[in-house]
Amino acid sequence: MNLAEQSLLELFPEKKEEYEVSLAYSGKFSSYNGNVIKRHHILEFGLSNEWKGVSAEIQMGLIQLLLCKVFKTKRSTHYMDMYHSFMKKIHIAIPKTESDELLEKSFDRVNDLYFNGLMEKPNLVWCDSINKLGSYEYGSDRISISEILRNHLHLLDYVMYHEMLHKKHKFRNAELRSLYHTKEFRADERSFEHSASCEEELKRLVRRHKMRSFFF
C-alpha cells in the first residue's frame, strides 16, 4: 500500500474501494510541491522529488490536504498539522545559492529599515513577469521579483518588503485553504512609507509595460 492509498484509507475509509490510487515523484514540480488529478474513479498524486527524503507522516499530511480539496471536505488530522509545521520551518534547511547584487541591496535596505536587520536572507532572483511583480516560495525559500522593477528602486523596495512579509508571517490554516494575507500581514504592509502611492505607481508601471507588449 503506497502513502496515497494509506492516506485515503485513514481519512476516507468509505471511499477506499471506489478509487484506484497512484503516487509518483517528479522533477516537474517546484520544491516541496505537489498535486492530485481526479479522473472518474482514479486519483493520481504527484509530489516533487524533494519529498522522497521527508518522513512518511509529513507526506501523508500533504496528501490528505489534497484529498480534502478533491472531495471538498473540511478535515483536520495530526498528519496535516505536521505538514503545516514542516512547511513553516523548511526555509531553515534550504541552501541559499541564488542571489543578485541589486536584489541583495534592496533586501538589505528593507531589512534594516523595517525588520531591524533580523530577517534571514533568502534566495533572491529576477523573473520575467508583468502580471506578477513578486512572489515568495516557501519550499525553496526564494523571493522572485519582476524585471520591470530594475530601474525603479523605491518600487523594488516596496515589492521586496511585501514578499519579506510573506517570509515573516508564513501562512494561517483555514479550513480547505491557507491564508497568506491575514489582518496582521495587511497591517504590517501599510507601515511601509508611502505604501498607498507605491500601489498606484505600480499599477501605472504595469499598464505601461502591458501597452508596450501589446504594440511590440
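Helix 5, which runs over residues 153-169 of this predicted model, has 17 residues and reaches 24 Å from its first C-alpha to its last, close to the 24 Å expected at 1.5 Å a residue. This helix is mostly covered, with 13 of its 17 residues counted as buried, and just after helix 5 comes Lys170, which takes a positive phi of about 60°.

Let me turn now to helix 4, residues 101-114, where the same check can be made: its 14 residues should span 20 Å at 1.5 Å a residue, and its end C-alpha atoms are indeed 20 Å apart, so the two agree. Which residues of helix 4 are buried? They are Leu103, Ser106, Phe107, Val110 and Asn111, and when we look down the axis of helix 4 these buried residues fall within an arc of 130°, which means that they line one face of the helix. The general background is that an α-helix has 3.6 residues a turn, so residues three or four places apart point the same way.

As for what lies over that face, the cover on the buried residues of helix 4 includes helix 5, together with strand 4 (123-127) and strand 6 (142-146). On the other side of helix 4, by contrast, Glu101, Asp112 and Leu113 are exposed.

Finally, the two ends of helix 4. At the N-terminal end, Asp100 acts as a cap, with a side-chain oxygen lying 3.0 Å from the backbone nitrogen of Leu102, while the residue to look at following helix 4 is Asn116, whose phi is positive, near 55°.

Technical notes:
Residues numbered from 1 in each chain as written. Predicted model: local features only at pLDDT ≥ 70, side-chain atom pairs only at ≥ 80, totals over all residues. Heavy atoms only, no water. Helix = DSSP H or I, 4+ residues; strand = E, 2+ residues; numbered from the N terminus. Expected span 1.5 Å × (residues − 1). Buried < 20%, exposed > 50% of the residue type's maximum accessible area, 1.4 Å probe, protein only. Arc of directions from axis to C-beta. Contact = heavy atoms within 4.5 Å. Polar contact = N/O pair within 3.5 Å; in protein donor to acceptor, adjacent residues only side chain to side chain.
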